[in-house]
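Q: Please take a close look at one part of this model, the way its chains meet. Give one connected account, and go on from there to whatever helps to place that part in its surroundings.

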Amino acid sequence: MEPLTSKKKILIQKPLNFAERMYLPALGKGLAITISHFFKKEATIRYPEVQREMSINWRGMHSLKRDENGKERCTACGLCALSCPAEAITMIAAERKPEEKDLYREEKYAAVYEINMLRCIFCGLCEEACPKEAIYLDGPIVPSDYLRKDFIYGKDKLVEEPLVKK
Amino acid sequence: MGTSVFYLVAFLSIFFSLMVIFAKNPVHSVLYLIVTFFTFTVHYILLNAQFLAVVNFIVYMGAIMVLFLFVLMLLNLNKENEPLKSGLVKVVGIVAGCCLVVTLIGSLKATAVSDPLVLQNPNLGLVKNLGKELFGPFMLPFELSSILLLTAMVGAVLLTKKEKV
Amino acid sequence: MDISFVIEKFVLVAIIFGISLVIAMYSTYAERKVAAFLQDRLGPDRAGPFGILQPLADGLKMFMKEEIIPTHANKWLFMVGPGLAMLTACIGTAVIPWGSPITTAAGRIIPLQVTDINVGVLYIFGVVSLSVYGVMIGGWASNNKYSLLSAIRAASQNISYEVAMGLSIIALLLVTNTMSLKEIVEMQHGWHWNVLYQPLGFLLFIICAFAETNRAPFDLPECETELIGGYHTEYSSMKLGFYLFAEYINMFVSSAVMATLYFGGYNYPGMDWVLTQVGPVIAPLIGTAVLFAKIFAFIFFFMWVRWTIPRFRYDQLMHLGWKVLIPIAIANVIVTGIVIAIVEKF
């Protein structure tokens, strides 16, 4: 067949010379390579104790943010649920009572906010859709569990810790 | 003490060599044969023939019996698929066996009970003495036997190469 | 034969047996660590500091596992197999001199060798040739095709490499003029190690030692890609443990034999000077420590090679054994004989 390109390289297999047929020099070379690795720094990271640094655009577990006064930012507008391609987010909105003024920033808030971590694909569209900058995917890897129901994360797991009062 | 050990080991050798014959499974037979050879090794040690003992150990137990076992495992003989002997073969077998028994009894009768053999040199079995003995007075038979073995080896190699010639 | 002699020997046997078991145990740990380091990993480091308790955890796991004997296996031989492998692995240590004799304060001389028979080298050779029975019997008794194939491979491999090993030893015996391991070691006093006189013989011997202990690159009897687990496919629990253990004890024993035959055993350069400095009680112990250092170096070499060189193909193995090693070994014997004859003449 006519070669399609001119890049074809013809390899000539020479018969092995005596040193190569002896097999021992090659063997010594191999041993030298492996022993050099013996003294190299190991690539392993001892995971639970040492954690690897994630890249800056890493997307992990979601967290619902609070504002500078410690109030929840989410106003239960539903844009995140709407934008979610995996339909992992559900929420139930509620009206803020006067005595809850310190807890929620807007008059409407999410009474229930659930993300099914088995459905979530960590695309980050909820983060982009949120007009209140209330949801960010800045957490760690979602931990494993035994039951499907345990992967539906409620507000208890998603809302970030309240600010410590000085 | 030496005599009682000898009788025990001699009993074991006879017992295991009988087991070689009576075992139904050929692999078991070979395993019994290995044990028999082991008892022979003990006999050699009792006779202070260390070199012979170890050579028996290496050559018979370590090499030849491994080959026997190897071949039997490769063929995978079982008692189920062993071909049944025809009646004629059985009759011939019985006749031959009886002849052997008669010969053995005859030869036993002919031999007189001799005095216990006394070695002139009790350390004959040690390597140095045995070597001197073999390469001194018995030089020619020793070398001839090695030539015999070489011929056998060449013959075996020739048999495998037959098709190409 | 006085009672103290019996006690002395009994204690020595017990100590050697204990040491070989502990070394086999920690060889499993060392193997994993060495493998890890050679591959830029960490290896086991969870059980105890640096994972030092890992062998205990492994042993416990082995004991706790379910004992399975296949229905169609030959039960009696199935159980004999691992025991035989262990036995043949352990008895090799009997003739190795572990150190120069210790002189106690009471003037009693205790040799650090269980028995000094005048055919010690041949004894080692015989034990090595027996070691294949454990594998063969276990493989056959499992009544499994893979195990059987593995047993057959082990048998033919051992027989093939025994020949080359025996021939390489003959060249050594021409140099030493004795078969007693004790005398061989004493001849190598200081730095007169046999490896300097028999470098080619040592090379042949170590290659054959790899083959006889079924270590990589000659671990064809248990090569996973072709034979599942090889001869121990059907084994579980401590019987499997025995087989794995026997392999490491074999490695220990053959390392000890190589150190004794070719690397001077407990001799080291400058040992006379050390003797004058520390006295006749401590000096033998230093010699023993040196011997163990050599043994550990060999064990490390075994592991190093395992994680470097890929496994041979079966026909390559046979080609190497019969067509390369045996002719070289014979040539080595002839050349050694000629050189010795010339040296003696002049």
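A: Chain A and chain B are not joined by any contact; in this predicted model, their closest C-alpha atoms lie 26 Å apart. Two pairs of chains do touch, and of these the pair B and C has the most contacts.

On the chain C side, 26 residues take part in the contact with chain B, and chain B brings 24 residues to it. Together the two chains bury about 2,100 Å², and 79% of this area is on carbon and sulfur atoms. The rule finds zero salt bridges across the interface of chain C and chain B. For polar contact it finds three residue pairs there, with both residues at pLDDT 80 or more. On chain C, the helices α4 (120–130), α5 (132–141) and α6 (145–176) each supply at least two residues of the side that touches chain B. Sorted by class, that side of chain C has 19 nonpolar, six polar and one charged residues.

Salt bridges are found elsewhere. Over all chains, a search of the whole structure finds 16 of them. One of these is between A:Glu49 and C:Arg46, with the closest N and O atoms 3.0 Å apart. A:Glu49 sits in the loop between α2 (24–38) and β1 (63–64) of chain A, and C:Arg46 in the loop between α1 (3–38) and α2 (54–64) of chain C, so this pair joins two chains. Both residues, A:Glu49 and C:Arg46, are exposed. They also belong to a network of salt bridges that links A:Arg46, A:Glu49, C:Asp45 and C:Arg46.

Other salt bridges lie within one chain. In chain A, the side chains of A:Lys132 and A:Glu106 meet at 3.4 Å, N to O. A:Lys132 is in the loop between α4 (125–129) and β4 (135–136) of chain A, while A:Glu106 is in the loop between β2 (89–95) and β3 (108–116) of chain A; the pair therefore ties together parts that are 26 residues apart in sequence. A:Lys132 is partly exposed, at 27% relative accessibility, and A:Glu106 is partly exposed at 22%.

In chain C, a salt bridge joins the side chains of C:Glu31 and C:Arg306, at 3.1 Å from N to O. C:Glu31 lies in helix α1 of chain C and C:Arg306 in helix α12 (residues 271–306), so this pair ties together parts that are 275 residues apart in sequence. C:Glu31 counts as buried, because its relative accessibility is 3%, whereas C:Arg306, at 25%, counts as partly exposed.

Another element of chain C is helix α11 (residues 237–261). Its 25 residues should span 36 Å at 1.5 Å a residue, and this agrees with its end C-alpha atoms, which are 36 Å apart. Of the 25 residues of α11(C), 22 are buried, so the helix is largely enclosed by the rest of the structure. C:Leu244 is in helix α11 of chain C and is partly exposed, with a relative accessible area of 28%. Apart from its neighbours within four places in sequence, C:Leu244 is in contact with C:Met62 and C:His232. C:Trp273 is 29 residues from C:Leu244 along the chain, and the C-alpha atoms of the two are separated by 42 Å.

Technical notes: Residues numbered from 1 in each chain as written. Chains lettered and ligands numbered in written order. Predicted model: local features only at pLDDT ≥ 70, side-chain atom pairs only at ≥ 80, totals over all residues. Heavy atoms only, no water. Contact = heavy atoms within 4.5 Å. Buried area = accessible area lost by both parts, 1.4 Å probe. Salt bridge = Lys/Arg side-chain N within 4 Å of Asp/Glu carboxyl O. Polar contact = N/O pair within 3.5 Å; in protein donor to acceptor, adjacent residues only side chain to side chain. Helix = DSSP H or I, 4+ residues; strand = E, 2+ residues; numbered from the N terminus. Nonpolar A, V, L, I, M, F, W, Y, C, P; charged D, E, K, R; others polar. Expected span 1.5 Å × (residues − 1). Buried < 20%, exposed > 50% of the residue type's maximum accessible area, 1.4 Å probe, protein only.
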